[in-house]
Every structure is written in C-alpha cells, then in structure tokens.
Amino acid sequence: MSPPETMQAAVCTAYGPPETLVLVRLPVPRPRDGQVRVRIHAATVSAADRRIRSLDMPAGLRLAGRLAFGWRRPRQPVLGGDFSGVIDAVGAGVTGFQPGDEVAGMTGVRMGCHAGFCCLHPEGRVLAKPANLSHETAVAALFGGTAAVDFLRRAGLQEGERILIVGASGAVGSAAVQWASRLGAHVTAVCSGRNAAWVAPLGAARVIDYTRQDWPGRGAVFDVVLDATGTLDWLRVRPWLQPKGRFLSLAGGLKDMLRAPWVAATSRQRIVAGPAGERLSDMQLLMRAAADGSFAPHIDAVYPLERIRDAHRHVDSGRKRGSVIVTP
Ligand SMILES: NC(=O)c1ccc[n+]([C@@H]2O[C@H](COP(=O)([O-])OP(=O)(O)OC[C@H]3O[C@@H](n4cnc5c(N)ncnc54)[C@H](OP(=O)(O)O)[C@@H]3O)[C@@H](O)[C@H]2O)c1
C-alpha cells in the first residue's frame with residue numbers, strides 16, 4: 001500500500017497555551033539517504049513538550065529556552081520527541097532496518113513526532129519494538145525511563161543506598177522508583193495520597209504524601225535525592241543528604257546548575273542537573289525490561305492526535321500519572 005501524500009500534524013504556532021496548537025496537513029516527508037521513515041502509531045506528550053510549547057522553563061532558563069528552541073515560536077513547530085510505529089520506507093544506504101519493522105525511538109531536539117510520519121537517521125535513535133508491547137506501552141517506556149536511568153547512573157546509585165524520589169507519580173518519578181529499586185536501593189517515594197496506592201508497589205519501601213506530612217521527617221538522611229518536580233533546591237535538600245550525598249535536580253533552575261561546580265569543589269556532595277542523555281543502550285535496557293514485565297511504564301491517558309490540545313491540557317494540569325500519549 002503506498003503511503004498517503006499528506007499527513008496530519010500538530011503544529012505549534014506560537015509560545016502559549018494549548019490553543020496555539022493547530023492541526024494541519026503537511027506533505028509526508030521522504031526519507032533521505034541513510035534515513036528511515038516511520039509511520040507513527042503512538043507518541044508521548046511529555047513535560048518537555050509542554051515546556052517548549054509554553055516556554056515555561058525552570059527559573060532562569062527562559063532565555064536559554066528561546067535560544068535553544070526558537071526566539072518567537074518553536075523553530076521545529078511539530079513537537080513530540082519519541083515515537084513507536086512501523087517503518088514504511090528506507091532511504092539509500094540504510095542497513096539493519098526495513099519496511100514493516102516495528103520500531104520505537106527518540107528524535108531528540110529535532111522532535112517532529114506529533115504527526116503521521118517522521119524521518120530520521122536510525123543510528124543511536126531507533127530500536128526494535130518487542131512484539132509483546134503495544135505501541136503505547138513501548139513509547140511510554142522512553143521519555144521518563146531514559147531520564148530516570150541517565151540521572152541514576154550519573155548519581156552512581158549503589159545497592160543498599162537510600163534514595164528519596166520526589167514527584168514519584170510522574171513519568172520520570174515512576175520510572176525512577178522502579179529503576180532505583182531494581183538497582184537494590186532503599187526507595188522513599190514522595191507523591192500525593194491519591195497516587196500512593198499505585199506508586200508503592202513500583203518498588204517504594206516507604207511512600208510520603210507531600211500534601212499531609214512535614215516531610216521527609218526529622219533526621220531523615222539520604223544518599224540520593226531526586227527531584228522531578230522543580231519544587232526543591234540545594235539549600236532545602238542539603239540537610240537531608242549524607243556527606244557524600246547527591247542531589248539530582250531534573251527540573252531545577254539555573255541557580256543550582258551554577259552551584260554544581262562549587263558544591264563539587266568544596267564538598268564531597270554533588271548536584272547533578274542539566275539535560276538528560278538519550279542513549280540507545282538505555283532505550284534497549286528499558287524496552288527489554290518492559291517486554292519481560294520487570295518495568296511497567298504507567299500510561300495515564302491516550303488521546304487521538306485530533307485531541308492534541310486536550311492532551312496538552314492534561315499535561316499542563318501538572319497532575320498526570322506517568323505518561324500521556326497521542327495516537328496519530
Ligand atoms: N533534565 C531533563 O533532561 C529532564 C528530562 C525529563 C523530564 N524533566 C523534567 O522533569 C519533570 C517531571 O516530568 P514528568 O513527566 O515526570 O512529570 P510531571 O508531569 O511534571 O509530574 C506530574 C506528577 O507530579 C506530581 N506532583 C506534582 N507536584 C508535586 C509535588 N510538589 N511533590 C510530589 N509530586 C508532585 C503530580 O501528582 P499530584 O498532583 O497528585 O501530586 C503528577 O503525578 C518536568 O519538569 C520535566 O520538565 C527533565
């Protein structure tokens with residue numbers, strides 16, 4: 001079956017609310033030499049898509065956001081940094097992938113996944129989708145999973161260490177709880193009471209409801225604190241850390257990024273901040289774990305691409321559990 005000549009795509013016309021997203025028809029892209037074309041079946045509407053659409057960046061990073069993503073509006077107007085789908089065409093010189101292959105992957109800053117098709121060079125970015133995973137589950141493994149695995153590795157989290165994970169019900173936090181417990185760490189998860197019942201079995205030895213308790217409690221000390229909410233900073237977290245403790249600031253502002261070298265130079269503690277890496281080896285690890293059932297990416301809702309604004313509103317609420325997915 002030959003592909004259609006045009007595809008539906010969600011285009012971000014300006015920085016602002018979900019109403020800035022418009023559904024348009026664009027030509028189906030042709031794969032260039034070395035590229036594969038993927039017919040997208042599922043893509044995440046992530047916290048990163050929300051940040052780029054709204055230019056709601058962590059404190060002090062708005063200017064950097066404009067420089068990175070476009071001054072007046074996103075220069076890549078089709079958002080969406082991950083996908084699961086089926087290869088339907090390959091450019092000259094592609095080896096290892098062919099039409100009909102079910103794949104998943106991440107496009108990084110090139111984004112472009114909130115559309116019917118995307119083209120990309122597969123090296124380091126595309127992997128086979130396990131047959132027993134739906135496209136929705138496969139893609140839900142990627143955004144939060146890669147960020148969690150990357151930050152936990154940069155922390156050097158060891159078996160038996162104590163970790164506090166704040167924002168444990170988000171895509172990153174719920175993956176971090178599972179990965180940290182898999183590494184043999186003692187996990188304390190912080191989320192609201194409405195999420196405690198599903199977060200605890202992910203691998204948390206203890207769950208703290210941040211809306212009720214004076215947390216983390218007197219004398220509580222951790223080897224690692226991971227903040228996926230952006231509500232904590234170094235000055236608040238430092239008293240909770242062991243002398244060699246690490247603060248993983250996934251959503252923190254410029255201040256803690258600038259503090260990081262000073263903290264490293266003047267103590268045995270560390271701040272880990274900045275963008276998460278998107279390694280193929282991590283994607284493979286996560287996908288294998290999802291396929292064998294030892295990692296369960298949580299999906300909150302699936303919207304057809306036509307409802308992209310509703311999907312963004314859901315993410316804007318700040319209350320999504322795990323991932324929100326769109327299906328082109
Ligand atoms: N550095 C990087 O490269 C990188 C990579 C990926 C993500 N991130 C950032 O990481 C953050 C997390 O993204 P995400 O997709 O996992 O989740 P998210 O959508 O930002 O988080 C939503 C979840 O957090 C909970 N929550 C809200 N306020 C909370 C609080 N004060 N304490 C504890 N939990 C709270 C919400 O549940 P309740 O409302 O019920 O509490 C909801 O389940 C985002 O800011 C994103 O930009 C950074």
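## Helix 4 and its end

Helices here are DSSP runs of H or I with at least four residues, numbered from the N terminus. This is a predicted model. Helix 4 has 13 residues. Its first and last C-alpha atoms are 19 Å apart, close to the 18 Å expected at 1.5 Å a residue. After helix 4 comes Gly156, which has a positive phi near 65°.

Helix 4 is mostly covered, with 10 of its 13 residues buried. The N-terminal part of that list runs Gly144, Gly145, Thr146, Ala147 and Ala148. Val149, Asp150, Phe151, Leu152 and Ala155 are buried too.

## Helix 9 and what covers it

Helix 9 spans residues 280-291 and has 12 residues. From first C-alpha to last it reaches 16 Å, close to the 16 Å expected at 1.5 Å a residue. Its buried residues are Asp282, Met283, Leu286, Met287, Ala289 and Ala290. These residues cover an arc of only 165° around the axis, so they sit on the same side of helix 9. Residues three or four places apart in an α-helix point the same way, because there are 3.6 residues a turn.

What lies over that buried side? The cover includes strand 5 (102-106) and strand 7 (126-128). It also includes helix 3 (135-140), helix 4 (143-155) and helix 5 (171-182). Asp282 gives one detailed view of the packing. This residue belongs to helix 9 and counts as buried, at 2% relative accessibility. Leaving out residues up to four places away in sequence, Asp282 touches Val149, Asp150 and Arg153. Of the three, Val149 and Asp150 are among the buried residues of helix 4. Just after helix 9, Gly293 takes a positive phi of about 85°.

## Salt bridges

Side chains of opposite charge can pair when their charged atoms come close. How many salt bridges does the whole structure hold? A search finds 14. Three pairs are described here.

Glu102 and Lys129 meet through their side chains, at 3.1 Å from N to O. Glu102 lies in strand 5, and Lys129 in the loop between strand 7 and helix 3, so this pair ties together parts that are 27 residues apart in sequence. Glu102 is partly exposed, at 34% relative accessibility. Lys129 is buried, at 8%.

A second pair joins Arg259 and Asp256, with the closest N and O atoms 2.6 Å apart. Both residues lie in helix 8 (residues 254-266), 3 residues apart, which is about one turn of the helix. Arg259 is partly exposed, at 21% relative accessibility, whereas Asp256 is buried, at 4%.

The third pair is Arg307 and Asp310, at 2.9 Å from N to O. Arg307 is partly exposed, at 41% relative accessibility. Asp310 is partly exposed as well, at 25%. Both belong to a network of salt bridges that links Glu19, Arg307, Asp310 and Arg313.

## Backbone exceptions

Most residues other than glycine have a negative phi, and most peptide bonds are trans. Which residues depart from this pattern? Leu55 has a positive phi of about 55° and is not a glycine. Leu55 lies in the loop between helix 1 (47-54) and helix 2. It is buried, with a relative accessible area of 0%.

Met111 also has a positive phi, about 45°, without being a glycine. This residue is in the loop between strand 5 and strand 6 (117-120). Met111 is buried, at 9% relative accessible area. The bond between Trp215 and Pro216 is a cis peptide bond, with omega about 0°. Pro216 is in the loop between strand 10 (206-209) and strand 11 (222-227).

## A surface patch and a loop contact

Leu63, Leu67 and Trp71 make up a nonpolar surface patch. Together they have about 360 Å² of accessible area. Leu63 is in helix 2 (residues 62-69). Buried or exposed? Leu63 is exposed, at 52% relative accessible area; the cut-off for exposed is over 50%.

Gln98 sits in the loop between strand 4 (82-90) and strand 5. Its C-alpha is 7.7 Å from that of Asp88, a residue 10 places away along the chain. Gln98 touches Ile87 and Val90, with residues up to four places away in sequence left out.

Conventions: Residues numbered from 1 in each chain as written. Predicted model: local features only at pLDDT ≥ 70, side-chain atom pairs only at ≥ 80, totals over all residues. Heavy atoms only, no water. Patch = residues over 30% accessible without salt bridge, like charges linked within 9 Å, V, L, I, M, F, W, Y side chains within 5 Å. Areas by Shrake-Rupley, 256 points an atom, 1.4 Å probe, with all protein chains shown as cover. Salt bridge = Lys/Arg side-chain N within 4 Å of Asp/Glu carboxyl O. Buried < 20%, exposed > 50% of the residue type's maximum accessible area, 1.4 Å probe, protein only. Expected span 1.5 Å × (residues − 1). Arc of directions from axis to C-beta. Contact = heavy atoms within 4.5 Å.
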